[in-house]
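These are my notebook entries on the annotated sites and the ligand surroundings of one model. I looked up the annotated positions and then turned to the bound ligands.

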Amino acid sequence: MSADTDLMPIPGPVDPVPVPRAAVPRADGKVELIGLGKDAMRAELEHAGLEPKQAKLRAKQIWHWIYNRGVTDFDAMSDIAKTQRPWLKERFVIARPEVVEAQVSNDGTRKWLLKTHDGHEFEMVFIPDADRGTLCVSSQVGCTLNCRFCHTGTMQLVRNLEPAEIVGQVMLARDALGEWPSQPEGRMLTNIVMMGMGEPLYNFDNVRDALKIVMDGDGLGLSKRRITLSTSGVVPMMARAGEEIGVNLAVSLHAVTKEIRDEIVPLNRKYGIDQLLEACAAYPGANNARRITFEYVMLKDKNDSDEDARELVRLIRKYKLPAKVNLIPFNPWGGAPYECSSEERIRSFSNIVFEAGISAPVRTPRGRDIDAACGQLKTAAERKRKSREAA
Ligand code: SAH
Ligand code: SF4
């Protein structure tokens, strides 16, 4: 690849400077307390008129009620003076995203269609396994990146989710699983993946602030080793993600040649494969015990040949990456321009990578009966709504 490539304008549908809409304040004018760091919460209470010492104490108490007990009602905060609770209620709120629809699959996968306070819908999925429970969290409403196999990429509207809305997803899942008060052991919700709707590294500050609270020992107390951030390859933000968030990294590679990756992940026209893999090699904290996951969606006759598998191995070796590969059977949606590779093809691809000493499990599709793939519940709900309206 010539060095000039970086300076070329980006052809095609990719938005060179993705500008999502700003979030709007709540209609009731109240300040959301979820998502504020401890200092920020203290500052808000002070700003509303509490003495600095009071504000500090109240912030500590409220923080505990919110994150340890899952409380949303100031009246339940028994160590806060009864007379002060109405004052708090008038100015502040401890909310959750609104649930538009909740579904449970026959394999135990749960999926929620959620709504922001200003009416934008987004999704969250919980996947229980024998030894863990993984919550798939959204970072944006829609996505500006238009990957061709991804249904979220076809959605127009984009708004960054606020820290409150990102942490709020985890809180809501804990509500649904009955996991309050916070317990260090025996939880169902053990892992978080930032693999719902949106590109987390295009909403860096909010994702970082949210995950800090999720990881805080006095917050939701999940270890950074149990959190994975998935990016389609926003190279300039990867080092900061490692330094400032420090969670596991997953990279949506999906192709090993410029031609194919340009087509299916248009961001590749801006940050090419070599640049991306160099950034992976430099990712702080990646080592053999904490590998980088390469996600690879299996698209029939597009990226699934034995030659592609061998090239993938070569690239991983070239950059000496502590890597594992997650092979994801393509989850089709109406109007998608691709099909899923055959089982034999996926097995052959997986074997080549595996025989090179790199773990390459095939991810089992979960929750197919409830359309638990990216962006699909939202569309299914819209379809239902439209047919109801037409009736
Ligand atoms: N924007 C980030 C994170 C959200 S997408 C990223 O792209 O990494 C999470 C994962 O779901 C990505 O690996 C994405 O490629 C994959 N994905 C999206 N649509 C899919 C589909 N229809 N079938 C299978 N995997 C899909
Ligand atoms: Fe956005 Fe990720 Fe979907 Fe690409 S795969 S459109 S980056 S959500």
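Entry 1, an annotated acid. I began with Glu123, which I located in strand E5, residues 121-128. I note at the outset that the model is a predicted one. UniProt, in an unreviewed entry, places the feature "active site" at Glu123 and Cys374. Is Glu123 buried or exposed? Its relative accessibility is 4%, so I entered Glu123 as buried, the limit for that class being under 20%. I then looked for a polar partner and found that the side chain of Glu123 makes a polar contact with the side chain of Lys111, at 3.2 Å.

Entry 2, the annotated cysteines. The unreviewed UniProt entry also carries the annotation "binding site", which covers Cys143, Cys147 and Cys150. I found Cys143 in the loop between strand E7 (140-141) and strand E8 (159-160). Cys150 has its place in the loop between E7 and E8. I recorded Cys143 as buried because its relative accessible area is 12%. For Cys150 the relative accessible area is 18%, and I therefore entered Cys150 as buried. Leaving aside residues up to four places away in sequence, I listed the contacts of Cys143 as Thr152, Gly153, Met155, Val158, Gly198 and Glu199.

Entry 3, ligand 2. Which residues surround ligand 2? I listed Cys143, Leu145, Asn146, Cys147, Cys150, Gly153, Gly198 and Ser232. Sorted by class, this shell around ligand 2 has four nonpolar residues, four polar residues and no charged ones.

Entry 4, ligand 1. I found 20 residues surrounding ligand 1, and the closest are Gly198, Ser230, Ser252, His254 and Asn331. By class, I entered 10 nonpolar, eight polar and two charged residues for the shell around ligand 1. Strand E10 (227-231), strand E12 (292-298) and strand E13 (323-329) each contribute at least two residues to that shell.

Entry 5, polar atoms at ligand 1. I looked up three distances here. An oxygen atom of ligand 1 lies 2.6 Å from an N or O atom in the side chain of Ser252. A nitrogen atom of ligand 1 is 2.9 Å from a polar backbone atom of Gly198. For Phe149, I noted 3.2 Å between a polar backbone atom and a nitrogen atom of ligand 1. How much of ligand 1 does the protein bury? Taken alone, ligand 1 exposes 530 Å², and the protein buries 93% of that.

Terms used
Residues numbered from 1 in each chain as written. Chains lettered and ligands numbered in written order. Predicted model: local features only at pLDDT ≥ 70, side-chain atom pairs only at ≥ 80, totals over all residues. Heavy atoms only, no water. UniProt positions renumbered as here; feature names shortened; annotations may be inferred. Helix = DSSP H or I, 4+ residues; strand = E, 2+ residues; numbered from the N terminus. Buried < 20%, exposed > 50% of the residue type's maximum accessible area, 1.4 Å probe, protein only. Contact = heavy atoms within 4.5 Å. Near = heavy atom within 4 Å. Polar contact = N/O pair within 3.5 Å; in protein donor to acceptor, adjacent residues only side chain to side chain. Areas by Shrake-Rupley, 256 points an atom, 1.4 Å probe, with all protein chains shown as cover. Nonpolar A, V, L, I, M, F, W, Y, C, P; charged D, E, K, R; others polar.
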